[in-house]
Amino acid sequence: MIGDKKIVYSAVQPTGCITLGNYIGAIQNWIKLSEEYDSIFAIADLHALTVRQNPAEYRKRAMSFFAQYLACGLDPEKSIMYFQSHVPEHAELTWILNCFTYIGEAQRMTQFKDKSAKHADNINMGLLDYPVLMASDILLYQADYVPVGVDQKQHLELSRDLAVRFNNLYSPTFTVPEAYIGKQGAKIFSLQDPTKKMSKSDPDVNATVSLIDTPDDIMRKFKRAVTDCDATIRYDEENKPGVSNLLTIFSAVTGRTIEDIVSEYEGKGYAQLKPAVGEAVVEKLRPIREKYLDLLNNKDYLMSIARSGAEKAHSIARRTLAKVYKKVGLVEG
Ligand code: TRP
């Protein structure tokens, strides 16, 4: 599976819920990338331990995320899919890279500062080390490209710096990864505050649509979506962010152009548009939800995919780690 093609790597923390925004903006794109490149995808379950998790819920959510990615059409024959915690090399390389990361560098990370402010009672070592673990994820697999959102760009920069630093101190060991700036899916905004991105950790359940929401929930959320009091249906991000967001979603899930939708709804009101978008989303997500429920009923199958993914990941990661151990002067075991 890992051969001459370029390697793309991505991972997601199993927190919050996977949203329609993630699906349209990232997951669909990722599936396309996995057709073109050798792709590796992890559930970053060690990363999310940097904030307190309820163990029973956390375990369930990690499984649920894995099943949702499969249900979206990620193909374990084409992509290596695994849980980060199943591959011990992630933690092992993190230790080595820790010895090459300056404390100041880690403290400068915007996300560390934000999370420290948000979890002031639990500013743990893991929070500071988070980007080094992320660098290990990427560097272990000699990834060429990492599709990242703006919030992870600084972390990717650190991964690059660490790769270059190590390569210069010893000899070429790591591929220096690049941010993948390919065609992005449409950006989807919150249904309650359409000036904010739809976020997987938004505490307002009405603001986001989860991939596994029931059809009733989806319809309710769209009927309540925030719009504006100028009742015309047209695309105008600046003055009509709510309606524009609904039109973007409608277009993304049906494949129709925005102009086509706008002309169909000319002279009609939000009371007609909102349920129509809701129904289109319900139809788009229906097969995903069905496949997801099916997979959850078949835990043995899910685990067999996770195990085989971890085995493949492990064999690649081991090769990189062995080189690193040798270069830094550890006695070969
Ligand atoms: N930190 C990323 C996020 O919160 C998740 C992540 C962990 C990741 N390891 C990664 C993303 C490696 C890309 C590559 O979104």
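**Figure 1. Contacts between domain 1 and domain 2 in a predicted model.** Where the two parts of the protein chain meet, 10 residues of domain 1 are in contact with 10 residues of domain 2. Domain 1 is made up of two stretches of the chain, 7-180 and 298-328, while domain 2 spans residues 215-293. The C-alpha centres of domain 1 and domain 2 lie 33 Å apart.

**Figure 2. The area buried between domain 1 and domain 2.** The size of an interface is often expressed as the accessible area that is lost when the parts come together. Between domain 1 and domain 2 the buried area is about 800 Å², and carbon and sulfur atoms contribute 77% of this area.

**Figure 3. Polar side-chain atoms beside the ligand.** An N or O atom in the side chain of Asp 137 is found 2.6 Å from a nitrogen atom of the ligand, and a polar side-chain atom of Gln 152 lies 3.0 Å from a ligand nitrogen atom. On the side chain of Gln 13, a polar atom is placed 3.3 Å from an oxygen atom of the ligand. The ligand, taken alone, exposes 370 Å², of which the protein buries 88%.

**Figure 4. Elements that contribute to the shell around the ligand.** Two or more residues of the shell are given by each of strand 1 (7-12) and helix 6 (125-140). With four residues, helix 6 supplies the largest share of the shell around the ligand.

**Figure 5. The residues around the ligand and their classes.** The residues around the ligand include Tyr 9, Ala 11, Gln 13, Ala 44 and His 47, and also Tyr 130, Met 134, Asp 137, Ile 138, Val 146 and Gln 152. Sorted by class, the shell around the ligand holds seven nonpolar, three polar and one charged residues.

How values were computed: Residues numbered from 1 in each chain as written. Predicted model: local features only at pLDDT ≥ 70, side-chain atom pairs only at ≥ 80, totals over all residues. Heavy atoms only, no water. Near = heavy atom within 4 Å. Polar contact = N/O pair within 3.5 Å; in protein donor to acceptor, adjacent residues only side chain to side chain. Areas by Shrake-Rupley, 256 points an atom, 1.4 Å probe, with all protein chains shown as cover. Nonpolar A, V, L, I, M, F, W, Y, C, P; charged D, E, K, R; others polar. Domains from an automatic or database assignment. Contact = heavy atoms within 4.5 Å. Buried area = accessible area lost by both parts, 1.4 Å probe.
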